[in-house]
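Student: Give me a close look at one strand and its neighbours, please. After that, carry on through the rest of the chain at your own pace.

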Amino acid sequence: MKPIELAENIYWVGAVDWLTRDFHGYSTYRGTTYNAFLIMDEKITLIDTVKQPYKSELLHRIRNIVDPEKIDYIVVNHVEMDHSGCLPEIIDLVKPEKVICSKMGHKALLKHFHREDWPYHIVNPGEDLSLGKRTLSFLETRMLHWPDSMFTYVKEDQILFSSDAFGQHLATSERFDDEVNQDVLMYECAKYYANILTLYSPLVKKLIAKVQEMNLPIKMIAPDHGVIWRANPGKVLDAYSRWCVHEGRGNALIIYDTMWHSTEMMAKAVADGLQDEGISYRLLDLRVNHRSDVMADVLDASAIILGCPTLNNGMLPRMAGFLMYMRGLRPTNKIGAAFGSYGWSGEAVKLMNEAMKEMKFTLCHEGLRVQYVPEHGELAQCVELGRTVGRTLNDFLAGKEIRSVL
Ligand code: FEO
């Protein structure tokens, strides 16, 4: 229950959730954390709270430093329940002088908790608020992750409290970036971006440009999930700069589902074609790969090849569900192609092509269907589809113009 000091008189007082494995449909095999921070100044300030079941952990950590009833201000950077679930009970206990939030945060708090009587203090973007020795500055970050989201920056300590942005769903005994395995950290950070922020990439791009333009010195980035970036905040800023433009790394993914293994046979033949063209690839069977793990791969893939047989004039439900999920997140800048086996109607390839067209993928093949079980010649066509994707990708990487065939 010990709080952790980030800087002199600034503490992490949040909670580690070792249990959660599903975060509204996102697989969280490594759990998560709900970070909250306490600033001891003339005005004692709590930045964010935690998910409701973790209220007592938060309070125990605060009590190690100060009586919670002495807290003056509560900053609500983001209203989603994982950060505000215990807010009504905390406000009832603390009776703060101010509940600080953005204009949209005020609206969202009213719609969540229906409490007109809280002492709201709505801050405008760029507004400063003195705590005594320290000054808080507020940056509006709409849609990162909700309309109400904002960042809080402590000028004197150069700490950016970034709410959901730059987070990771990662439960650890460590609290800082330099204390954990870097590969695990960057994978969880990428998976988090892929599943939570891909859709808002244009806003991430603008935000990073704005932070650069403001020339804001950032010594530390403290997100509301996962570890705090104290050793190398530039690492996560650089990663976000790459991810927000959906830059691929020249590789391909074959994402498929299969009924009687015909589409799986096709997938492996497509992979052979990619290999012929020197393309690195991954085969991702949706029966064994969770959609949110697949999205972590999609984030920096250059080509997406979808495979699915036809069922009831449509796609298998796992592929349909995956496409609905991926379309919602809107990855861009991908080369696409589709294949699948069928019995008599064979709509799945057309439906996958339509989904990729909607996402503005560059389709380099009209799609390949095989009736029932592929024979040698049909598998050779699958190899050729893989080669076509590989050649298109190599052209793209060489800076040549590529066009959709559909
Ligand atoms: Fe971690 Fe959008 O809440």
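Tutor: Let's start with strand β13 (residues 135–140), which is joined to β14 by five bridges, the two running antiparallel. (Strands are DSSP runs of E with at least two residues, helices are runs of H or I with at least four, and both are numbered from the N terminus; two strands pair if DSSP finds at least two bridges between them.) Before going on, a word on what you're looking at: this is a predicted model, where local features need pLDDT of at least 70 and side-chain atom pairs count only at pLDDT 80 or more, while totals for chains, interfaces and linings use all residues. Residues are numbered from 1 along each chain as its sequence is written, and side-chain values use heavy atoms, with hydrogens and water left out.

Back to the bridges: S137 has Y153 of β14 as its bridge partner. β14 also runs antiparallel to strand β15 (residues 159–163), this time with three bridges, and V154 sits opposite I159 of β15. Four residues lie between the strands of that β14–β15 hairpin, and Q158 has a positive phi there, near 55 degrees.

So how enclosed is β14 (residues 150–154)? Five of its five residues are buried, so the rest of the structure largely encloses it. (Buried means under 20% relative accessible area, exposed over 50%, and partly exposed in between, using a 1.4 Å probe and protein chains only.) In a regular strand, side chains alternate between the two faces of the sheet. In β14, M150, T152 and V154 are buried on one side, and F151 and Y153 are buried on the other, which leaves both faces covered.

Elsewhere, seven strands make an open, mixed sheet in the order β1-β2-β7-β8-β9-β10-β11. β1 (4–7) and β11 (120–122) are at the edges with a single partner strand each, so each has one side without a neighbour in the sheet. At the β1 edge, three bridges link β1 to β2 (residues 10–12) in antiparallel fashion, and E5 has Y11 as its bridge partner in β2.

Two strands of that sheet, β8 and β9, come up again with helix α3. The buried residues of α3 (residues 87–94) are L87, P88, I90, I91 and V94. They span an arc of only 165 degrees around the axis (taken from the directions from the helix axis to the C-beta atoms), which puts them on the same side of α3. Those residues pack against β8 (45–47), α1 (55–63), β9 (73–75), α2 (81–84), β10 (98–101) and α4 (103–113); contact here means heavy atoms within 4.5 Å.

L93 also belongs to α3, but at 25% relative accessible area it counts as partly exposed. Leaving out residues up to four places away in sequence, L93 touches L59, R63, P68 and E69. P68 is 25 residues from L93 in sequence, yet their C-alpha atoms are 7.6 Å apart. Just after α3 comes K95, with a positive phi near 50 degrees.

Since you'll probably ask about cysteines: the whole structure has zero disulfides (pairs of cysteine sulfur atoms within 2.5 Å). For C189, the nearest cysteine sulfur belongs to C244, 13 Å away, and C189 is buried at 0% relative accessibility. C382 is buried too, also at 0%, and its closest cysteine sulfur, in C364, is 14 Å off, too far for a bond.
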